Amino acid sequence: MIRVTPSRISIIDTGIGSEKKPRGVEGYGLGLLIARDICHKYGYEFELLNNPYGGCCAQISIQPDQ
């Protein structure tokens, strides 16, 4: 599921989540690393949170133009 507001973009999945990934599975994926680097470059906040219903939520917080 994708949610977009004027100040936040959230991508929510219901997979196994980051804390329960099986042993031997490497990293979170290249897409999350690219998103984190882009956010860092432009001063946005990037968070990877656990979804209480399973899976995780990647959030990008932005400041709307003033």
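This report describes the sheet, the helix packed on it and the cysteines of a predicted model.

**The sheet**

Four strands form an open sheet in the order S1-S2-S4-S3, with antiparallel pairing. Its edge strands are S1 (2-5) and S3 (45-50), each of which pairs on one side only. From one strand to the next, the twist averages 15 degrees. Strands of a sheet pair through backbone hydrogen bonds, either parallel or antiparallel.

Strand S4 (residues 56-61) pairs with S3 in the antiparallel sense over 6 bridges. Strand S2 (residues 8-12) also pairs with S4 in the antiparallel sense, over 5 bridges. The table lists residues that stand opposite one another in these pairings.

| Residue | Partner in S4 |
|---|---|
| Asn50 | Cys56 |
| Ile11 | Ala58 |
| Phe46 | Ile60 |

The hairpin of S3 and S4 has 5 residues between the strands, and Gly54 there takes a positive phi near 105 degrees.

**Burial of S4 and the helix**

Strand S4 is largely enclosed by the rest of the structure, because 6 of its 6 residues are buried. In a regular strand the side chains alternate between the two faces of the sheet. For S4, both faces are covered: Cys56, Ala58 and Ile60 are buried on one side, and Cys57, Gln59 and Ser61 are buried on the other.

Helix H1 (residues 30-42) packs on the sheet and touches S3 and S4. The direction of H1 makes about 145 degrees with that of S3.

**Glu45**

Glu45 is found in strand S3. With a relative accessible area of 42%, Glu45 is partly exposed, because this value lies between the 20% limit for buried and the 50% limit for exposed. Leaving aside residues up to four places away in sequence, Glu45 touches Gln59, Ile60 and Ser61. Glu45 and Arg8 are 37 residues apart along the chain, and their C-alpha atoms are separated by 9.4 Å.

**Cysteines**

The model has 0 disulfides, counted as pairs of cysteine sulfur atoms within 2.5 Å. Cys57 is in no disulfide: the nearest cysteine sulfur, that of Cys56, is 7.8 Å away. This distance does not meet the criterion, because a disulfide requires the two sulfur atoms to be within 2.5 Å. Cys57 has a relative accessible area of 10% and is therefore buried, the limit being under 20%. Cys39 is buried as well, with a relative accessible area of 2%.

Note on methods: Residues numbered from 1 in each chain as written. Predicted model: local features only at pLDDT ≥ 70, side-chain atom pairs only at ≥ 80, totals over all residues. Heavy atoms only, no water. Buried < 20%, exposed > 50% of the residue type's maximum accessible area, 1.4 Å probe, protein only. Pairing = 2+ DSSP bridges. Helix = DSSP H or I, 4+ residues; strand = E, 2+ residues; numbered from the N terminus. Axes fitted to C-alpha atoms, helices over the stretch in contact; angles between N-to-C directions. Contact = heavy atoms within 4.5 Å.
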